[in-house]
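User: I'm new to this one and would like to see how the labels get justified. Could you walk me through it?

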Amino acid sequence: ILDDPDLKDIDPTVLKHCHAAAATCILEAGKQKADVSAISTCLEDCKLDKEKIEQFCTEYQKNKDALEILLGSIGRSPRHITDVSWRLEYQIKSNQLHKTYQPSYLVTLNVENSDSGSHPDVRFTCTMEQLQDLVGKLKDAAKSLERATQL
Amino acid sequence: KLNVGVDTVQHGVEGLTYLLTESSKLMISEIDFQDSIHVLGFSDELNKLLLQLYMDNRKEIRSILGELTPKLPSYHSLEWRLDVQLASRSLRQQIKPAVTIKLHLNQNEDQTAQVLQTDPSTLLHLIQQLEQALGEMKTNHCRRIVRNMK
């Protein structure tokens, strides 16, 4: 904003104050999920004229959804699973044990950490029975999600 | 009590250990085992005893040897919980469903538990992908390989 040619005639301190005030107002409105009438009332109390209020509200409405998504993504939560990859292997021998003949799955859960931006994936192996157990439990979770949405 | 030197006993034990672990590792048949020890020139009775010892213990020996192979953490169990986030410090009046998962894994005799989270659509995607993985063992390709590798 300080580099904008249209605004170069205004005292930079005043500009900063305006920017901070506008930002605070927008963020508070977004946080409270305020509707247009609430915002208008608030701005009227601040003695802004009708035209400016209307301009502000129109701009706000345009960007409201993006603002809500941004605000909703701030905050701590456990690491988030984004994807899964799997590999099916058939073991035939190792140097300790020959003739093993066992299928096994190698599963990688791609995980995103919102704080550090690192991607510490979770890797593990499992047998077919264990994978069936895992999938069974995930399906239970999905079923109870479905039931919850129908309440 | 055995009236032989310590060294002899030690060699005896080491010899037996080697014999049993190698035989179990290779999973040799009874006949092959008998042929192998025949070369050592022991009495028939001793040979029979050794064979019995091999047959009785090879399963357990094999499972212990199985623990020695290089391993990644393995699955133990999973717990899940359904959460709905209603508000946070930065945004009020939300409805954000999430599934929180506690994944228990075994790594070299330690159990670790990881807490992870996912959203409903990713959950369905995970289920679909893993069901595909399970289905792979039943395909003709895998069946053929399993048949031919015995």
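Here is a short chat about how the two chains meet in this predicted model.

User: What makes Lys139(A) and Glu131(B) a salt bridge?

Analyst: Their side chains come to 2.4 Å, N to O. The cut-off for a Lys nitrogen and a Glu carboxyl oxygen is 4 Å, so the pair qualifies. The count between chain A and chain B is 1 salt bridge.

User: And how many residue pairs are in polar contact between chain A and chain B?

Analyst: There are 22 such pairs, with both residues at pLDDT 80 or more. On chain A's side, the elements giving two or more residues include α1 (12-31), α3 (50-73) and α4 (128-150). The largest share there, 16 residues, comes from α4(A). That side of chain A divides into 29 nonpolar, 15 polar and 11 charged residues.

User: Why do β1(A) and β3(B) count as paired strands?

Analyst: Pairing needs at least two bridges, and 2 bridges join β1(A) to β3(B), residues 110-118 of chain B, so they count as paired. The two run parallel. One of the residues involved is His80(A), whose bridge partner in β3(B) is Gln117(B).

User: What area is buried between chain A and chain B?

Analyst: About 5200 Å², with carbon and sulfur atoms giving 68% of that. The contact takes 55 residues from chain A and 54 from chain B.

User: Why quote an area at all?

Analyst: Because the size of an interface is often given as the accessible area lost when the parts come together.

Technical notes:
Residues numbered from 1 in each chain as written. Chains lettered and ligands numbered in written order. Predicted model: local features only at pLDDT ≥ 70, side-chain atom pairs only at ≥ 80, totals over all residues. Heavy atoms only, no water. Contact = heavy atoms within 4.5 Å. Buried area = accessible area lost by both parts, 1.4 Å probe. Polar contact = N/O pair within 3.5 Å; in protein donor to acceptor, adjacent residues only side chain to side chain. Helix = DSSP H or I, 4+ residues; strand = E, 2+ residues; numbered from the N terminus. Nonpolar A, V, L, I, M, F, W, Y, C, P; charged D, E, K, R; others polar.
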